[in-house]
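Let's walk through how some helices pack against each other in this model. Have the structure open as you read.

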Amino acid sequence: MAGVLRSITKIALKVFFSYNFPDVTIMHKEREKDMSDKKLATIGVFGGSGFYKFLDNIEEVKVETPYGMPSDNLLIGQIGPHKVAFMPRHGRNHTILPHLINYRANVWAMKSVGVERVISPCAAGSLQKHVKPGDFVICDQFVDWTDGRKTTFFEGPVVTHPSAADPYCPELRKLAIKTGKDLGITIHETGTVVVINGPRFSTKAESKFFTNQGWEVINMTAFPEAYLVKEADMCPLNISLITDYDAGLVGDVPPVSHHEVIEVFNSNLANLKNLLFNMIEQIPAERKECECALTKKKSQL
Ligand SMILES: [Zn+2]
């Protein structure tokens with residue numbers, strides 16, 4: 001009886017899987033084949049709020065992905081020895097809200113043109129008094145407070161559990177910290193970014209809760225972008241550009257005027273471009289000091 005049941009279960013499972021997932025394996029194979037078969041760029045940069053243009057003399061490349069259309073075309077130019085692909089994550093006219101960004105398509109687009117390292121700068125709020133507007137935080141941890149986003153490339157049938165213990169690339173973090181300091185930018189070498197879903201900002205109560213956890217930075221786009229970069233065996237880097245204090249600190253810190261916020265925003269952007277140009281020039285051609293390229297391999301059971 002047990003043997004018969006086992007056989008029936010086996011057949012049922014076979015039928016179920018062949019019925020439900022006939023295309024998944026094929027699609028994965030196609031994705032593997034498509035991904036990285038071109039080498040148009042090796043470094044990727046996602047532009048955030050206010051950061052829509054980066055390089056001159058660009059080649060514009062339209063990429064269609066198995067996950068739909070990305071936020072914009074890739075704009076590919078040159079920095080030092082590297083071809084760099086830039087994409088404004090909200091679209092070049094800032095029309096895509098943080099919770100509606102097709103993060104998988106954006107990251108896949110980078111991977112598909114050969115990108116190996118992805119830098120994700122983002123405008124962010126501070127949750128701690130000592131992290132001031134105008135400072136940069138090179139985050140080493142994130143907390144996912146989002147909801148309803150597509151947050152993984154791994155959808156079976158191969159069982160995969162990636163480690164997110166240290167989500168960002170140690171080599172890129174080291175280089176960003178050193179370059180930022182050399183340029184005189186106030187850099188926080190570590191930090192935790194809590195990513196809220198948006199589009200609304202936090203209530204004072206939520207913000208105070210985040211502050212009380214000891215987290216430093218709050219933002220709406222830092223997850224799942226950089227994490228998907230990791231899943232795709234590329235090196236992720238977060239650079240959080242602090243524009244103002246979050247709601248929970250209002251009252252504890254002097255109020256910031258709209259004019260001051262704009263000033264901070266503009267100086268952040270100038271500092272960011274300076275940091276990116278200088279650090280990208282120094283990125284070595286080969287990835288020898290990190291294991292980001294092995295993420296998928298190490299994730300499979
Ligand atoms: Zn890496």
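**Two helix pairs**

Helices α3 and α6 are oblique to each other, because their angle falls outside the ranges for roughly parallel (under 35 degrees), roughly antiparallel (over 145) and roughly perpendicular (65 to 115). Before going further, note that this is a predicted model, where local features need pLDDT of at least 70, side-chain atom pairs count only at pLDDT 80 or more, and totals for chains, interfaces and linings use all residues. Residues are numbered from 1 along each chain as its sequence is written.

Helix α3 covers residues 103–112 and helix α6 residues 222–231; they pack at about 40°, with axes 9 Å apart. Axes here are lines fitted to C-alpha atoms, for helices over the stretch in contact, and angles run from 0 to 180 degrees between N-to-C directions. Helices are DSSP runs (H or I, at least four residues), numbered from the N terminus. The crossing of α3 with α6 is right-handed (the near helix is turned clockwise from the far one by less than a right angle). On the α3 side, Y103, R104 and V107 make the contact, and on the α6 side P224, E225, L228 and V229; contact requires C-beta atoms, placed from the backbone, within 7 Å. That contact has five nonpolar, no polar and two charged residues (Ala, Val, Leu, Ile, Met, Phe, Trp, Tyr, Cys and Pro count as nonpolar, Asp, Glu, Lys and Arg as charged, and the others, Gly among them, as polar).

Now turn to helix α4 (residues 170–182) and helix α7 (residues 258–282), whose axes come within 9 Å and cross at roughly 130°. The α4 and α7 crossing is right-handed. Here L175, A176, T179 and G180 of α4 meet L275, N278, M279 and Q282 of α7. Four nonpolar, four polar and no charged residues form this contact of α4 with α7.

Note on methods. Two residues are in contact if their C-beta atoms, placed from the backbone, lie within 7 Å.
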